[in-house]
Amino acid sequence: MRTRFSHFLLTIALGAALAACGHAPVPQAEASSSPPVRNVIFMMSDGTPNEAWALTRWIKGTRLASDDILTGAVQTYGADSIITDSAPGGTAFATGHKGTDKGIAVSPWRVTIAGVNANPDQAYAPLPTVLEGARLTGRATGLVATANIQHASPASFSAHTHDRSRYADIGEQQVYQHIDVVLAGGEQYLLPMADGRGVRQDNEDLVKVLRDKGYDYVRTRAQMRAATGAKLFGMFAADDMVYDLDRARFEPDQPSLAEMTRKAIEVLSRSEKGQRHGFFLFVEGSKVDWAAHANDPSGVLSDLSAYDEAVKVALDFARADGQTLVISTSDHGNGGLTIGRREAAKYATTDDDSLVAPLRRAQLTGEGLARLMAQDKSEAHIRDVLARHWGIEDLSAQEVQGIQTAPPQSWLQYVLGPMLSSRAGVGWTTNGHTGGDPFLYSFGPGRVSGLWENTGLAHHMARVMGFELKALQERLFVEAVPALSALGLQVELDRTQAANPLLRVRNRQGDEVRLPIHKNELLLADRTHELEGIVVLAEQTGKVYVPRQAITLIRASLLP
């Protein structure tokens with residue numbers, strides 16, 4: 001077993017070397033003679049440095065669940081940068097198109113990387129995602145994340161906008177996307193600002209909308225476990241959830257990523273849609289990336305270990321089911337983490353205890369320590385907190401001053417992370433993303449191996465689920481004004497309520513149909529039609545896109 005695994009790692013290393021020379025191994029998928037794929041679970045540990053996997057293995061002291069399904073690597077460059085962001089990275093996995101920085105499942109508008117093809121006439125146009133395609137095949141669909149669900153990666157599978165920071169718009173689109181299971185943080189982006197419960201400037205209460213749509217809406221681990229419906233929406237934090245290492249101390253009612261993954265699989269697989277057609281599930285370990293930005297090894301280890309536990313949950317289901325494809329990877333690297341530092345003069349005699357012991361003493365992440373010091377930055381308190389929770393008893397006066405003068409709490413992790421890193425012999429090259437090829441893991445029918453483009457994984461997932469993403473473009477996103485004007489109808493984008501724009505369509509008799517932006521509704525005078533896709537406004541071009549179904553319904557309603 002060990003010999004075969006060593007040979008496999010050598011194969012991966014050789015593949016990476018060949019790729020660097022322009023002779024990458026051809027990406028492969030398991031032969032079509034394998035069992036049909038009913039379910040696809042696509043998992044992503046956001047912003048994970050490759051060396052973090054080895055570091056996590058050392059700290060756990062055992063093999064990881066992911067180790068057994070390592071199959072290749074992924075090229076992650078975007079349309080306008082070889083070092084990609086989570087928005088274009090997620091867009092590539094979700095749509096099969098390279099994305100422009102900050103864009104969420106929309107066509108690129110700035111292309112600077114050689115070999116990336118894009119139609120400038122389609123700039124900013126929404127692109128169909130594998131989640132939307134899976135839903136149209138009849139499958140149940142789900143999203144799980146530890147960030148707010150409106151964050152770039154889950155948003156890329158479930159929303160369309162040129163700006164990843166538009167959480168209110170993204171959240172609204174997600175509510176109207178017919179997604180069967182959503183488990184994450186981000187409740188404040190669903191609730192109105194007017195009554196102090198949220199931050200929505202349109203003052204819509206999307207939690208009420210979800211309940212009216214028949215969802216079990218839950219806020220705690222216990223409520224999630226007790227939920228029995230076929231549709232489940234769990235919001236466990238106003239914004240992002242806490243790091244796994246910090247949960248017991250600060251948010252014990254929040255579920256772990258593994259628990260959310262297990263519940264999502266349970267609900268999706270047992271639902272009527274799941275029983276008849278299967279399901280698609282996206283799972284993200286979101287905050288590995290956040291910790292890597294801060295060069296905080298405690299956060300990276302915390303949430304990569306938790307992510308690996310979620311991978312085990314998916315694998316346990318897939319092994320028992322036999323018809324489930326599991327793919328796991330990262331959207332990009334981050335931080336340039338290394339086991340070893342420039343200051344380490346005797347790397348060839350690095351003892352494992354020098355690495356493992358300091359990191360195993362960490363009882364909280366840098367973010368957790370920042371919470372403990374938010375109200376008291378006296379030197380005595382700082383020294384006590386780091387001694388008790390990180391085992392650091394030799395803080396220098398300069399380090400104490402650095403903590404005391406650090407910016408607000410959210411940035412204190414950036415000051416603390418390097419302190420633990422230096423004592424454990426962990427190095428970093430940057431606080432930003434990196435442009436290498438993350439590991440690729442896969443299991444089940446249709447498993448993938450070799451060196452893959454991130455866009456290729458989207459097309460592969462679509463194919464094994466029985467659809468082509470390109471064909472969905474004409475079904476889900478028809479440019480509304482030219483299509484409806486050609487029918488002799490008057491079309492107007494009404495921005496009277498800036499936070500709630502809508503498309504108005506009238507015939508010569510004055511009869512009207514309204515289509516609210518970000519929703520899947522077509523409003524007539526006497527009834528509402530629920531559309532199979534959402535209405536999308538490309539803000540940068542002013543173009544509105546609607547499902548072809550909407551054109552058909554409007555023609556029947558407004559034309560004789």
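Hi everyone, let me start with a pocket. The lining of the second largest pocket divides into 10 nonpolar, 6 polar and 8 charged residues. Keep in mind throughout that we are looking at a predicted model.

So how big is the second largest pocket? Its volume comes out at about 570 Å³. There are 24 lining residues, and the closest to the pocket centre are Asp240, Lys287, Trp290, Glu367 and Ser410. Which helix gives the largest share of that lining? That would be H18, with 5 residues. Helix H12 (288–293), helix H15 (366–372) and helix H18 (409–424) each bring at least two residues to this lining.

Now over to the largest pocket, at about 680 Å³. Here 27 residues form the lining, and those closest to the centre are His97, Ser107, Gln122, Leu127 and Gln473. By class, we have 11 nonpolar, 9 polar and 7 charged residues in the lining of the largest pocket. Helix H20 (469–476), strand E16 (478–479) and strand E23 (543–546) each provide at least two of the lining residues, and H20 has the largest share, with 4.

Let's turn to the sheet. If you trace the strands on your screens, you will find 11 of them in an open sheet with mixed pairing, in the order E1-E15-E3-E14-E9-E2-E8-E4-E5-E7-E6. Which strands sit at the edges? Those are E1 (28–29) and E6 (216–218), each pairing on one side only.

Further in, strand E4 (residues 140–148) and strand E8 (residues 279–285) run parallel and are joined by 6 bridges. One pair to click on is Leu143 with its bridge partner Phe282 in E8. Helix H10 (residues 257–270) packs on this sheet, where it touches E2 (39–45), E4, E5 (181–185), E7 (232–235) and E8, and its direction makes about 175 degrees with that of E8. Another helix, H13 (residues 297–321), lies across E2, E8, E9 (324–329) and E14 (439–443), running at about 165 degrees to E2.

Last stop: a helix pair. Helix H3 (residues 86–95) packs against helix H19 (residues 454–464) at an angle of about 30 degrees, and their axes are 6 Å apart. That angle is why we can call H3 roughly parallel to H19. On the H3 side, the contact uses Ala92, Phe93, Ala94 and Thr95, which meet Asn454, Thr455, Leu457, Ala458, His459 and Met461 in H19. What is the make-up of this contact by class? We get 6 nonpolar, 4 polar and no charged residues between H3 and H19.

That's my tour, thanks for listening!

Key
Residues numbered from 1 in each chain as written. Predicted model: local features only at pLDDT ≥ 70, side-chain atom pairs only at ≥ 80, totals over all residues. Heavy atoms only, no water. Axes fitted to C-alpha atoms, helices over the stretch in contact; angles between N-to-C directions. Parallel < 35°, antiparallel > 145°, perpendicular 65-115°, else oblique. Contact = heavy atoms within 4.5 Å. Nonpolar A, V, L, I, M, F, W, Y, C, P; charged D, E, K, R; others polar. Pairing = 2+ DSSP bridges. 1 Å grid on protein atoms, 1.4 Å probe; cavity = no way out; pocket = protein on both sides within 12 Å on 5 of 7 lines; lining within 4 Å. Points joined across faces, edges and corners; volume = space filled by probe spheres on them.
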